[in-house]
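Hello,

Here is the structure you asked to see. My notes on what was found in it follow below.

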Amino acid sequence: MAEHENNVPAPRHGPNRGGYQKPKDLRGTVGKLMNYLGRYKLQLILVAICILASAACNVGGAYLLRPLINDYILPGDFSGLAKMLAVMAGIFIMGALMSFAYARIMVHISQNTVAALRRDLFAKLQGLPLKYFDAHTHGELMSRFTNDIDTVSEAINNSFASLISCVATFVGTIAMMLYISPPLTLVTFAALAVMLAAVSGIGSRSRRSFTAQQKAIGTVNGYIEEMTEGQKVIKVFNHESAAIDGFRERNEAYRQASTSAQTFAGAMMPVMGNLSYINYAFTCMIGAILTIRSGDLGGLAIFLQYTRQVSQPVNQIAQQVNTILAAVAGAERIFEVMEAEPEVDLGKVTLVRVKYLPGGVQEETAIDTGAWAWKQPDGALIPVKGDVRFDHVVFSYDGKKTVLNGISLFAKPGQKIALVGSTGAGKTTITNLINRFYEIESGVITYDGINIRDIEKDSLRRSLGVVLQDTHLFSGTVADNIRYGRLDATDEDVEAAAQLANADHFIRHLPQGYQTVLSSDGGSLSQGERQLLNIARAALSNPPVLILDEATSSIDTRTEKLIEQGMDQLMAGRTVFVIAHRLSTVRNSRAILVLEQGEIIERGDHEELLDQKGRYYQLYTGQAELA
Amino acid sequence: MLKKLSPYTRGYRKWIALGVVCSAMDAIFQLLIPLVMADIVDVGIANADTNFIVRKGVLMVGMALVALAFGLGSAVFSSRAGMGFGANLREAEYARVQSFSFSNIENFSTASLVTRLTSDVNSMQMTLMMGMRLLVRAPVMLIAALALAIGLSRPLSRVFLVAIPLLMVFISILMVKVGPLFRILQEKTDSLNLVVQENLTGIRVVKSFVRESHEKDKFAERNNGLRSTSEKAFGAVVVNMPVMMLIVYGTIIAVMWFGGKMVYAGTMAVGNLTAFFTYIMEILISLMMVSMIFMMMSRSIACAKRICEVLDEVPAITDDRAQSGARVEAGSIDFDHVSFKYNTNGAEWVLENINLHIPAGFTVGILGGTGSGKSTLVSLIPRLYEAQSGTVSVGGRPVADYTMEHLRDAVSVVLQNNTLFSGTIRENLRWGNPKATEEQLQSACRAACVDEFLSRMPDGLDTDLGQGGVNVSGGQKQRLCIARAILKQPKILILDDSTSAVDTATDAKIRQALRKDLTGTTKLVIAQRVSSIADADLILVMDQGHVAAQGTHKSLMKTCEIYRDVYRSQQEGVNIGG
């Protein structure tokens, strides 16, 4: 829920994901990935050719050992040997070149594909409704960009080519083995069967213990994240040793889980390696007996070499398939985000700058005249006045708990409307709806007589300046942060806006003034200073309608008093929605709406409301009584 | 760095030793197998001795089985050692973070501390484990294969004199080239992630200002930078394989040429030539492993550096000067010529020459502009920061006399940016006092007006708060934090603007309850509203790092211009409203 987010300072990071999750829709996801790889069709074909060629060179080059021994070394034909070795060298060089070529091309393809995935994912994220961000933690979305993209990148970079290369080498080697000696190949088949059984046996156990390990990692990481975020509270409450105890417990569980998972994973290599040697031993034994009769020493030598070679792909294939499955699972999560329902925006009415010609006629212009108009699809211009109306608006964040229950309100152009009420009464929600951050369930919200659903979202939001309670700053200079309100603003504009918000003074006291670099959480600034920057940002954007959501809650009243003039200047001629729990802030509003549990229970100006002796009076005198 | 990290293998050194031995033995037994093979070819086949062949064959199988046993041993021991080392390291690092003072914590961002504790350590433990399995194996393989090859034929082994230096040179060139590229890659990745993270936290701002395309541009720029750097880095890595292949294949050809001549001349047996050939392949494989490990290592060196930074960070505040037995007896507070700044090199003092005396049991209101030093002033009392000059005393003794534990047990702070933890409300409140009885919990809840919404919570005190306390609103969270602080039954209670999200009526109620329930406790209240502190025994007006004025509401109204200003700005409405 929106209101809850306000006091969560730092983003939360989800537990480390990755590892052995199975994709739900293998074919569909692979298809979508293929769309991304599709633009490299020619290169991919080239890669496949290079892989096949390099595998053929490796297998074939090794085969030359047989004629080398049988036909040249044993008979002592050295000029023939020299020629043969030259051929062999040629084949090997070819093989090395081919494998370099495909690896290099794959790097290009994978890095570009992954960059495209990242770009699309980020672009997609920009179009998602706030509801989506409420439902997913930052950590979860971050891990789409980190862990998931990494596994996909890894798979395209290595696994894909390795897999083809392994299969090609495997098939080629088996073919050569059959060609050299079918009976000896049977020994290898038997060994391969045992290896496969071992791979799948260890594999399934390893997967199970990996799942346990991932869970334990998640627990440890979750604990670390939460506790580190609250580290200052831990200090204040002397909770350090309790925190260490809690950590130790989870750390130990993780150690045990990971030891068992890594043992299984680590067993794979010696098992496969030594099974291959057992195969080698049997082949050597049987092969030697056969060779006594055939005398094909070269054949035995090369066959033994193939015996060692053939098990490596088996081992690799199993590994690569796991990596690829993990990558597909990662890609699936990425595509899930990409396929999430974007913000609905069917609005056709746009916001344009206008200038007034003699006679009161408006004309669209590119120059900043300070005057705005709504441009209808048919080209008709309606001046932007800032007339906002809610008509029986019903809203709920989750579809269950109604937050606004049939709210009707109106703000006439240039009026200052204040929303007061206790925490959770629905004040922020109202401003969220004007912005169309969320879709209402029933009722209508109009803006200058136009249903806001008919206004293009970007135009709608551009017409509204918002100063939010949670003061978000971006890493960059102070000037950059203010300039976020209007990207093309000059340094003078920025400084003027800062002066208006009374931020100029403290900015000049920063080490580098306006060029001071802020870290992303603006850690070096106080909450109040950050609010001043936020106000300056909104002032710079110069919108027809302003929404101030607790914009001055962390600014002391004296400073608030100082910026009042600036604020008045900022608010002059604009429709302003003010949310404040500090009633002195809203006192001079044209209309004050008192909200409670999603309903407007009182409305009027300050004096009228005091006269009513209702909730507002209580709130207000709750303060006065103690003074 | 190795030296610094090696102590954390404690308790697992035996497994490291066993693992290394197993890896080595596995490799050695595997390498002996081709020797037996050479015997079979040169003796068995040459003499057509089937019995000999079978005997030797069974020997080979036996050796492979022994190697298998050692291999499994290496898997078991290396995972124990690696994961155990990781657990030790993680715990040591976490314990270190617990000893950090506020200024240490601020030196690292939360996100970076989390990375250093999680993925950096994970990468270290994997490095040790894989290192034990491969890094041991590779040199053993290399040396043993070389030795055996030399044993097979000394003259033929001369090819290695060319091949191995060539490989070494190549690997070191690659290392030198690739290392920095991966460091840049890491930086670019971090900067890309920063954009995403800020975008996620600031998504409302982005949407409000319709800056989606600006954000996309920002992202695209870093995305392209990352892409081109990673293409460069990985492009360099892929040179590795083919070059190694070329060197090894060159060696094979040389061996076939010289070895072939030797076989013909009868100075070498065919089986030995084949075995020699096998050893070359083994050497190739172990070299590939070495280069792979080096790649992995160059990444984990960066991780190790980051971990060491945490381990090396010196806690800014320690109990060194604490006197045993010192306990906070009373809640009086004294500031004697206290000056403080956050950045020791900074030019301006945040607090300058503060002198104060606050008697025990007083309620003190602190008022002042943004950045006037209110929060800083109170944070010196529980020694969250240490003053650069002057003395802060509590209960008549300098704060450094007490251990932090005793001091902070007696001084309870409700921070401005407060945190609740996942778990039930009860568990969170018990942070204040692990042994709190049901009545104590209830009365703290009453005092902090938690009871008002507690009854509406599905499971009362046992309601689960979710991570970071997401299941309560801002105002409710603040009230819970106050209740948690009250439960400590502190000598001094500090509320640092802790009711900013609480409505005025509730705020007033909480203050009344505090006055009634915590009579002996010194209460320091930082507030924006004059109404919150007007009834205080003493009011401090802070201005630009100084105490501009102190006194009661009445006296300040007479003497202090700033105070009158603030008061008027907040009270005008009441006069109009009458």
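**The core**

The largest nonpolar core in this structure, which is a predicted model, has 357 residues. Those with the most contacts inside the core are A:Ala281, A:Ala501, A:Ala536, B:Phe276, B:Ala448, B:Ala483 and B:Ile494. To take one of them, A:Ala501 touches A:Leu532, A:Ile535, A:Ala536, A:Ala539, A:Ile563 and A:Gly566, leaving aside residues up to four places away in sequence. A:Ala536 therefore appears both among the residues with the most contacts in the core and among the residues that A:Ala501 touches.

**Where the chains meet**

On the chain A side, 144 residues are in contact with chain B, and they meet 141 residues there. Helix 10 of chain A (residues 240–294) supplies 28 residues, the largest share of the side of chain A that touches chain B. Sorted by class, that side of chain A has 66 nonpolar, 54 polar and 24 charged residues. For the model as a whole, the scores are ipTM 0.82 and pTM 0.75.

**Chain A**

Chain A has 21 helices and 16 strands. Its radius of gyration is 35 Å, against the 25 Å that the globule rule gives for 627 residues, so chain A is more spread out than a compact globule. The C-alpha trace of chain A spans about 115 × 65 × 50 Å along its principal axes. Of the 627 residues in chain A, 51% are buried. Among contacts in chain A between residues at least 6 apart in sequence, 76% join residues at least 24 apart.

The chain is divided into domain 1 (13–338), domain 2 (350–383) and domain 3 (388–624). The C-alpha centres of domain 1 and domain 3 of chain A are separated by 54 Å.

A:Ala371 sits in the loop between strand 2 (361–364) and strand 3 (372–375) of chain A. With 15 other C-beta atoms within 10 Å, A:Ala371 is partly exposed. Not counting residues up to four places away in sequence, A:Ala371 touches A:Arg353, A:Val354, A:Lys355 and A:Tyr356. Between the C-alpha atoms of A:Ala371 and A:Lys613, which are 242 residues apart along the chain, the separation is 41 Å.

**Chain B**

Chain B comes to 22 helices and 10 strands. The radius of gyration of chain B is 36 Å, well over the 25 Å from the globule rule for 578 residues, so this chain too is more spread out than a compact globule. Its C-alpha trace spans about 120 × 50 × 50 Å along the principal axes. Buried residues make up 52% of the 578 residues in chain B. Of the contacts in chain B between residues at least 6 apart in sequence, 78% join residues at least 24 apart.

Chain B is divided into domain 1 (1–151) and domain 2 (333–577). The C-alpha centres of these two domains of chain B lie 56 Å apart.

**Two residues with positive phi**

A:Asn542 is not a glycine, although its phi is positive, at about 50°. A:Asn542 lies in the loop between helix 17 (527–541) and strand 13 (545–549) of chain A. It counts as partly exposed, with 18 C-beta neighbours inside 10 Å.

In chain B, B:Gln489 has a positive phi of about 45° and is not a glycine either. The loop that holds B:Gln489 runs between helix 18 (474–486) and strand 7 (492–496) of chain B. B:Gln489 has 19 C-beta neighbours inside 10 Å and counts as partly exposed, because a residue is buried at 20 or more.

**Confidence**

The mean pLDDT of chain A is 83, and 92% of its residues reach 70 or more. Among the elements of chain A, strand 8 (residues 442–447) has the highest mean pLDDT (93) and helix 1 (residues 2–5) the lowest (34). Over residues 1–20 of chain A the pLDDT is below 50, and this stretch has 67 contacts in the model beyond near neighbours in sequence. Residues 623–627 of chain A also stay under 50, with 14 contacts beyond four places in sequence.

For chain B the mean pLDDT is 86, and 96% of its residues reach 70 or more. Residues 573–578 of chain B have pLDDT below 50, with nine contacts in the model beyond near neighbours in sequence. Where pLDDT is low, the predicted coordinates should not be read in detail.

Regards

Key:
Residues numbered from 1 in each chain as written. Chains lettered and ligands numbered in written order. Predicted model: local features only at pLDDT ≥ 70, side-chain atom pairs only at ≥ 80, totals over all residues. Contact = placed C-beta atoms within 7 Å. Helix = DSSP H or I, 4+ residues; strand = E, 2+ residues; numbered from the N terminus. Nonpolar A, V, L, I, M, F, W, Y, C, P; charged D, E, K, R; others polar. Domains from an automatic or database assignment. Core = buried A, V, L, I, M, F, W, Y, C linked by C-beta atoms within 7 Å. Buried ≥ 20, exposed ≤ 12 C-beta atoms within 10 Å, placed from the backbone. Rg over C-alpha atoms; globule rule 2.2 N^0.38 Å. pLDDT = per-residue confidence, 0-100.
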